[in-house]
Amino acid sequence: MIDENAFGLLVSYFEIEDHEYALEREVFVRRFQLFRKIVLDVITELRIGGAVRVLDLGHAVYWEIAQEDDTQDPIPWLRTVRERLAQQDFATVGVLSHGGRWVPEEDAVRSAPELAEGITLLEVSSPSEPLRRALYAETQTHPDETTGLAGWGPGLYIDTEAIEALGRKLKNAPTPLSSAGATFYRMGG
């Protein structure tokens, strides 16, 4: 295993819970399958890097690229994904995160071992700071039903570490939003 810096990109279907309970089963299934198809189509059509690791999380699609492997600016690229989803009336959350991740020295497809009869181990990822940070932000976008606190809402959120890794300086720094020790800026609705 090696440790390398990477960018994480996450796009989530913001209203998935509302739609799951409000729509007929067939309509909901078509809707979340359309969400997944649009995101995966953009990932394959508009390649952002050479070796891209994609995770389908059900409510969201997450992908990572090594910092040295990014071939396009990830901010406008993430905006493009969200614009395509908006054309189909999806409210979304986009997150660009950055940090260290652990990857095998040789990229190999791992099989899912059966630990015991009927128990299969599915490995989503090796330790990944960008994945954790993206999930911190995505969680904060939703309201807390217990406390009544409003969430950040749909939008594009950029990790301050990603801005630094891109060598960017913001002209007008937006209000910092914090979650679990990570700081994000909202860069659009």
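**Exercise 1. The second largest pocket**

Determine how much space lies in the second largest pocket of this predicted model, and establish which residues line this pocket.

*Solution.* Step 1: the space in the second largest pocket comes to about 290 Å³.

Step 2: its lining consists of Tyr13, Phe14, Ile16, Glu17, Asp18, His59, Glu138, His142, Pro143 and Glu145.

Step 3: sorted by class, this lining holds four charged, four nonpolar and two polar residues. Tyrosine and proline are counted as nonpolar in this sorting.

Step 4: among the contributing elements, helix H1, residues 16-22, supplies the most to the lining, namely three residues.

**Exercise 2. The strand pairings of S9**

Establish which strands are joined to S9 by bridges, and how many bridges join each of them.

*Solution.* Step 1: strand S7 (residues 155-159) is joined to strand S9 (residues 182-186) by three bridges, and the two run antiparallel. Within this pairing, Tyr157 lies opposite Arg186 of S9.

Step 2: strand S8 (residues 176-179) also runs antiparallel to S9, with four bridges between them. Here Pro176 has Tyr185 as its bridge partner in S9, and Ser178 stands opposite Thr183.

Step 3: the criterion for pairing is at least two bridges between two strands. The three bridges of S7 with S9 satisfy the criterion, as do the four of S8 with S9.

**Exercise 3. The two faces of S8**

Assign the residues of S8 to its covered face or its uncovered face.

*Solution.* Step 1: in a regular strand, side chains alternate between the two faces of the sheet.

Step 2: in S8, Leu177 and Ser179 form the covered face, whereas Pro176 and Ser178 form the uncovered one.

Step 3: the residues of the uncovered face can be matched to their counterparts in S9: Tyr185 is the bridge partner of Pro176, and Thr183 stands opposite Ser178.

**Exercise 4. Positive phi outside glycine**

For Asp89 and Ala180, state where each residue is found and decide whether each is buried or exposed.

*Solution.* Step 1: Asp89 is not a glycine, yet its phi is positive, at about 60°. Asp89 belongs to the loop between helix H3 (74-86) and strand S4 (92-103).

Step 2: the cut-off for exposed is over 50% relative accessible area. Asp89 has 63% and is therefore exposed.

Step 3: Ala180, likewise a residue other than glycine, has a positive phi near 50°. Ala180 sits in the loop between S8 and S9, a hairpin with two residues between the strands.

Step 4: the relative accessibility of Ala180 is 60%, so Ala180 also counts as exposed.

Key: Residues are numbered from 1 along each chain as its sequence is written. This is a predicted model: local features need pLDDT of at least 70, side-chain atom pairs count only at pLDDT 80 or more; totals for chains, interfaces and linings use all residues. Side-chain values use heavy atoms; hydrogens and water are left out. On a 1 Å grid over the protein atoms alone, a cavity is a set of points where a 1.4 Å probe fits but cannot get out, and a pocket is an open set with protein on both sides within 12 Å along at least five of seven lines; lining residues have an atom within 4 Å of a point. Grid points are joined across faces, edges and corners, and a volume is the space filled by probe spheres set on the points. Buried means under 20% relative accessible area, exposed over 50%, partly exposed in between (1.4 Å probe, protein chains only).
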